[in-house]
Amino acid sequence: MMKHKIVLFCLFLVSSSIMAQDYVLDTIQNKYPFVNWKANQIKFVENAPSFAKLFRKLDTIAKGSEEDVHIFHIGGSHIQADIYSNRLRTYLQHMSPTAKGQRGFIYPYKIAGTNNPSNYNVEFDGKWKGYRCSIKKDSVAWGMAGVSAVFKDSVANIKIKANHRGYDAQQYDFNRIRVFYDNWSDDYEINFKESGLIADTKVNKEAHFIEFVLTQTLEELEFCVQRIGNPENPEFLMMGMELMNDNRGVEYTTIGVNGASFNYYNRCKYFDNQLMLYKPDLFIVSVGTNDGYHPDFKPDEYRKYYENLILMAQKANPDCAVLLTVPNDSYYKRKYPNPRTRVMQKIIYDLAKKHKMAVWDFYEIMGGFNSSKDWYQNKLMPRDRIHFTQLGYRIKADLLLQALTNSWEKELQLAPNSVLNQIINE
């Protein structure tokens with residue numbers, strides 16, 4: 001699936017300037033009658049008690065009080081590009097003055113030679129080699145990001161800018177930074193050019209990170225990875241970063257790898273240990289497009305891997321609300337509508353009922369089997385009929401926001417559209 005043309009398409013998406021965030025559903029429904037607008041709901045949410053707790057916490061924030069809500073969203077190329085997920089992040093972090101949490105966990109994808117989200121920026125030098133868990137021939141240690149980059153020379157500089165081209169000027173800042181790397185080795189150390197910047201350091205050998213407590217609050221930071229002495233076969237392995245501050249509110253973490261499926265994420269040795277650092281309040285699973293892409297799709301294997309990820313999220317937080325999303329309708333090799341999404345849909349429904357979780361059925365909302373043809377003909381999907389155009393992703397984000405807020409309003413017996421209107425008009 002992830003041939004060069006698709007990767008180039010993703011690069012085009014994230015390099016394009018993103019327009020101001022205007023809620024689109026109120027003005028487009030008559031234009032796209034092939035979309036099943038009435039199907040846009042969170043199913044089985046009334047049987048998932050963890051969502052009641054989630055909605056109460058979100059409502060506290062919406063009313064201007066302080067609360068912490070941490071959302072994890074895992075998927076493939078749709079999530080690595082962080083287009084529709086960033087739109088959701090922006091909505092939720094702007095619903096009240098107390099809503100914006102820290103930027104949190106990110107991956108500097110550029111150093112791994114793959115597309116970086118446009119809402120933060122990475123500058124670097126030195127020769128790095130990237131490895132993705134979704135590439136069969138790649139074999140390296142991966143953490144929660146599913147991407148690692150290896151450096152073997154003497155010194156490399158990395159500059160992280162927390163704010164770049166987003167939907168608006170989000171202006172994230174941070175006074176602590178974690179670097180996840182192979183700290184079981186002492187081949188390299190991390191240094192900062194600015195003297196007096198580091199107040200304290202903390203090391204975690206289980207989740208493999210070093211945390212630097214800063215003396216300043218910053219929006220961008222430059223550090224270097226520097227080899228110590230002359231070790232034999234030196235290697236620095238970057239597994240991710242976390243930009244942290246003391247803000248409460250909504251934190252929205254995305255985990256996405258181009259071409260990733262469940263069995264590929266299963267290769268990430270330190271995924272579990274790193275996820276355990278957090279207590280997700282909402283865990284959104286958007287994995288599946290790549291699992292069902294090829295004709296050799298194995299439903300039983302898909303079910304097993306899916307269930308394992310669910311249990312991992314619950315291990316990190318037994319009260320976590322888990323939202324299973326059905327993959328979008330798509331084409332195989334741009335020629336054939338993919339019938340395997342219907343098989344995944346049934347498995348997802350079965351798992352949701354078994355584990356008392358909720359489902360957002362985007363496959364049904366799109367219009368079901370072969371609906372991607374209509375989305376493509378209306379310029380909501382590109383020729384691959386797997387990904388989406390900018391407008392397609394905007395519609396997808398706004399649909400999920402609408403479905404979540406409608407369930408939130410029903411659970412707390414609030415006036416219909418009261419939460420939605422607050423968020424989109426904030």
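This tour proceeds through a predicted model, one selection at a time.

**Strand 2 and its partners**

Begin by selecting residues 68-75, which form strand 2. Of the 8 residues in this strand, 7 are buried, so the strand is largely enclosed by the rest of the structure. Add residues 249-256, the span of strand 14. Strand 2 pairs with strand 14 in the parallel sense, over 8 bridges. To view one of the paired positions, pick Ile71, whose bridge partner in strand 14 is Tyr252.

Next, add residues 282-286, which make up strand 15. Strand 2 also pairs with strand 15, again in the parallel sense, over 5 bridges. Here one may pick His73, whose bridge partner in strand 15 is Ile284.

**Glu251**

Return to strand 14 and select Glu251, which is found there. Which side chain of opposite charge is nearest to Glu251? It is that of Arg103, 7.5 Å away, and Glu251 has no salt bridge although it is buried. A salt bridge would require a side-chain nitrogen of Lys or Arg within 4 Å of a carboxyl oxygen of Asp or Glu. The side chain of Glu251 does, however, make a polar contact of 3.3 Å with the side chain of Gln102.

Now display the surroundings of Glu251. Beyond its neighbours within four places in sequence, Glu251 is in contact with Val69, His70 and Ile71, and also with Gln93, Gln102, Gly104, Phe105 and Glu242.

**Arg103**

Move to Arg103, which is placed in the loop between helix 5 (84-93) and strand 3 (104-106). Is Arg103 buried or exposed? With a relative accessibility of 3%, Arg103 counts as buried. Show the side chain of Asn119 as well: a polar contact of 3.0 Å links it to the side chain of Arg103. Leaving aside neighbours within four places in sequence, the residues in contact with Arg103 include Asp82, Arg89, Tyr120 and Tyr172. Leu243 and Tyr252 are also among them; Tyr252 was met above as the bridge partner of Ile71.

**Two cysteines**

Select Cys133 and Cys268 together. How many disulfides does a search of the whole structure find? The search finds 0. The sulfur of Cys133 has its closest cysteine sulfur in Cys268, at 4.1 Å, which is too far for a bond; a disulfide calls for two cysteine sulfur atoms within 2.5 Å. Cys268, likewise, is in no disulfide. Cys133 is buried, with a relative accessible area of 0%, and Cys268 also counts as buried, at 6% relative accessibility.

**The loop between helix 11 and helix 12**

For the last stop, select the loop between helix 11 (372-377) and helix 12 (390-411). Most residues other than glycine have a negative phi. Two residues in this loop merit selection for their backbone angles.

- Lys379 lies in this loop and has a positive phi, near 60°, although it is a residue other than glycine. At 67% relative accessibility, Lys379 counts as exposed.
- Arg385 lies in the loop between helix 11 and helix 12 and has a positive phi of about 50°, though it is not a glycine. At 14% relative accessibility, Arg385 counts as buried.

With both residues displayed, the viewer shows exposed Lys379 and buried Arg385 in the loop that joins helix 11 to helix 12.

Terms used. Residues are numbered from 1 along each chain as its sequence is written. This is a predicted model: local features need pLDDT of at least 70, side-chain atom pairs count only at pLDDT 80 or more; totals for chains, interfaces and linings use all residues. Side-chain values use heavy atoms; hydrogens and water are left out. Buried means under 20% relative accessible area, exposed over 50%, partly exposed in between (1.4 Å probe, protein chains only). Helices (H or I, at least four residues) and strands (E, at least two) are DSSP runs, numbered from the N terminus. Lys and Arg count as positive and Asp and Glu as negative; His and the chain ends are not counted. A polar contact is a pair of N or O atoms within 3.5 Å; within protein, one must be able to donate a hydrogen and the other to accept it, and residues adjacent in sequence count only if both atoms are side-chain atoms. Contact means heavy atoms within 4.5 Å. Two strands pair if DSSP finds at least two bridges between them.
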